Amino acid sequence: MLCLLLETTSEYDPYKILGVSRSASQAEIKKAYKNLAKEWHPDKNKDPTAEDMFIKISKSYEILSNEERRANFDRYGQVDENQPFGQSQHHGFRSFHNSFYFDEAFFHFPRSRDFADSKYLLHHVRFNSEVLPDSHKRPYLIKVTSDWCFGCIHIEPVWKETVQELEPLGVGIGIVDLGSERRLASQLGAHRAPSIIGLVNGRVTFFHQAIVRQHMRQFIEDLLPHKLVEKITDNNYLSFLDSWRVENKPSILLFDQVPVVPFLFKLTAFAFRDYVRFGYVDQGDKQITRLLRQFNINTYAPTMLLFKEDTERPVDIIQARGMKRQIMDEFVSNNKFLQVPRLVNQQLFDELCPVKQFHRRRKFCILLITGEDQAFVSSNKAFLDFATANKKDVLRFAYVYQRQQQPLCQALLPNQPALSPQVVILERRSQAGRVLYRSVSGGWNGSNEDKFRLHEELEHLQKDPSYLTSDTTLPELNNEMAPIFIIQWMNAAYDYILQIYDDLLYSNWREMMPILSLIFSALFILFGTVIIQAFSEPGENKPQKPKPKEQPQPDDDGSSRANTSSRPPKKDFLEVTELTDMTYISNLVKLRPGHINVVLVLTDASKNALLKKFAKEVYTFSGTQTLHFSFLNADKHRHWMPTLLRSASGATHISDEEEESSDYTGHVLALNGHKRYFCMFRPVFTGDDPSDSSSDTSLSFDSRRKSREDRVGAKRGSSRATNIDVHHKLDKLGLWMERLMEGTLPRLQVPDWPSLKETES
């Protein structure tokens, strides 16, 4: 019989199964695996041995694709990582001289993990990138298993029943292989199989009861926060519905005939707890007669009512005998926000008013800046009525309290006192906080005239999006709902205490070692310090007089060098280099392909003012790797700009008289040294002529020459040059930079860049 077994049992070799040599590369192994998997897949191959062959192919690829397991097999013939070196997993015998192993089918063991479990397998990267963040929205039930685990085979039927019950409710399911995912098992603290783990809010909890379906369901339910759903009766339903003013959330009431809150409703409340408040009404309770009569509830099927600002009439109702998780999620997700929510943090602002990505997806945010006193109630109510009557997909209505969000209000309404509520229409243009906005004139008192004026503004805006003329950078909103530090510290301490209690109760000393090590280290340092102070001499503890510090020598300007070097950088700090004969070649002529140098033209008199304004306007674009920022001193190189304009295609002749009298201060050039073209920004003038306030770069050279001739004549005959405010010349540079990044600016070609040395005076 032994000889018969030796003849019929072959040695397990993954190289032979995949049909590759021992020196095959990973690409060859992967290619062979794909071809064999397609050929022997049980769904395509009707051969009775196809399933067993497919399992062998998958197991072989699992071994050979892992360099560590492949090396173990090449050296020791080892297949399973859990076995010691020198031994292996066999289908028959390794050698007659070694201990022989019967085939696992001899004991009727399962040859491989069930195909249905493969979609639940967790890896270290996927766990940290997907499962761990998702545990803040839904709980996870994780099973830790391994090969040759007899206990795992015993609990498999109960595990399958539990998965079939909890997964449709929205509970996440995961399986961790203790042999192949040791790093993930170590992160979870799982060192033996089988183990059941619950994961909620990123916190890992082990299941220690008998593995029964009801126990595991109750285990997951106990891990959820306790105050997710509030019990509602006739005594507290009014206060619950009125809490939208403080909580800034809609409210949902579920009517059902069971005395306890359904597990499905708890899971829905856990997923949307940041957006909606949930309440439960037991229809068997005697203290709900007024609730049933007021809302006309049908007692034969579960009913969900959703309330927003109007607490007497629900905005949406759903009623069904078999309430599914998908139906509840869709019902809640469509009503996550109030009709006019209050902006209480940056996350809510990002969801209500997203950044414009495409023209068809643009959203305009109509923001009411108001107060929280009783005097503002009527105007706030009028704004709510207007928003309810003018609901559109492209319009989002919201309001802020000026006292709570002062930086935001100061950015949108500079130099305006907060005497009355004000409406601002804005559109977000970048994640850095760049917005286009326009404030509605006349304020907001809630009168019919104010509503008519706002309605006209919105109609004009939808026809012409360029109606928003002002731009600014908004700061990040204050988080009004953030708990104070002492509460956060108490919650963290409570979690640690629960973890220590759980570890002590179930003798999980492996997990207790880091905490005990920290405690004993702190005690050792404390008592060691006391002992050293007790045995030290009294004279050693006397404080010594510090030596007088040498005063730093002031420079000529009266300031210390140390103070100057330690000065923190400014908020809008930007590195700008000067174009000289040393840097001209590297920063322009030999600039790398695809890179653009943005050059500001200035003079000695306007250098400080223009550089500060230039840094503020282009600061949000400084993170772009292909943009470089420089400045050119027109006093040193006054012939460079006229030479560049004469060489540009389509340029007209510039006379010497015009060249002498032209003022190029405040011009900004975007120079592409590789393709030899540039885009030009003309500064904003605040003189007498209103036509000079345009910074449109699409004007032809003839119109620019005419504008230049007008300025030359004005400089000769009047004092118009003294009316130019240098600080406001770069007011519209930010919009010009956006058009530059979009590639919509006109480009002027040049045959060659003029030399900077030749243009020096």
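Here's a quick briefing on the fold, the disulfides, one sheet, one helix and a surface patch of this protein. Keep in mind that the model is predicted. The protein has 761 residues, and 42% of them count as buried. Its secondary structure adds up to 27 helices and 20 strands.

**Overall picture**

- Take the contacts between residues at least 6 apart in sequence: 70% of these join residues at least 24 apart.
- About 43,800 Å² of the protein is exposed, and carbon and sulfur atoms supply 52% of that area.

**Disulfides and other cysteines**

- Searching the whole structure turns up two disulfides.
- If you number the bonded cysteines in sequence order, the pairing reads 1-2, 3-4.
- One disulfide ties Cys 149 to Cys 152, with an S to S distance of 2.3 Å. This link is right-handed, with 75° about the S-S bond.
- Both ends of that link are tucked away: Cys 149 is buried with a relative accessible area of 9%, and Cys 152 is buried with 5%. Each counts as buried because the cut-off is under 20% relative accessible area.
- The other disulfide is formed by Cys 353 and Cys 365, whose sulfur atoms sit 2.4 Å apart. Here the angle about the S-S bond is 45°, and the link of Cys 353 and Cys 365 is right-handed too.
- That pair links distant parts of the chain, twelve residues apart: Cys 353 lies in the loop between α15 (346-352) and β10 (364-370), while Cys 365 belongs to strand β10 itself.
- Cys 353 and Cys 365 are both buried.
- Two further cysteines to look at are Cys 409, which is buried with a relative accessible area of 3%, and Cys 679, which is buried with 4%.

**A six-stranded sheet**

- Six strands make an open sheet with mixed pairing, in the order β15-β17-β16-β18-β19-β20.
- The edges belong to β15 (577-578) and β20 (748-749); each has a single partner strand, so one side of each is left without a neighbour in the sheet.
- Further in, β16 and β17 run parallel and are joined by seven bridges.
- For a specific pair to click on, try Leu 602, whose bridge partner in β17 is Asn 633.

**Helix α27 and its surroundings**

- Helix α27 covers residues 733-742, and its buried residues are Leu 733, Gly 734, Trp 736, Met 737, Glu 738 and Leu 740.
- Several strands help cover those buried residues, including β13 (434-439), β16 (596-602), β17 (627-633), β18 (668-672) and β19 (677-681). Helix α23 (607-618) is also part of that cover.
- Some of those names come up in the sheet as well: β16, β17, β18 and β19 are among its strands.
- Just after α27 comes Gly 743, which takes a positive phi of about 80°.

**A nonpolar patch on the surface**

- A nonpolar surface patch of about 870 Å² is built from Ile 519, Phe 520, Leu 523, Leu 526, Phe 527, Val 530, Ile 531 and Phe 535.
- Within the patch, Ile 519 can be found in helix α20, which takes in residues 509-535.
- Ile 519 has 40% relative accessibility, so it counts as partly exposed.

Note on methods: Residues numbered from 1 in each chain as written. Predicted model: local features only at pLDDT ≥ 70, side-chain atom pairs only at ≥ 80, totals over all residues. Heavy atoms only, no water. Buried < 20%, exposed > 50% of the residue type's maximum accessible area, 1.4 Å probe, protein only. Helix = DSSP H or I, 4+ residues; strand = E, 2+ residues; numbered from the N terminus. Contact = heavy atoms within 4.5 Å. Patch = residues over 30% accessible without salt bridge, like charges linked within 9 Å, V, L, I, M, F, W, Y side chains within 5 Å. Areas by Shrake-Rupley, 256 points an atom, 1.4 Å probe, with all protein chains shown as cover. Salt bridge = Lys/Arg side-chain N within 4 Å of Asp/Glu carboxyl O. Disulfide = S-S within 2.5 Å. Pairing = 2+ DSSP bridges.
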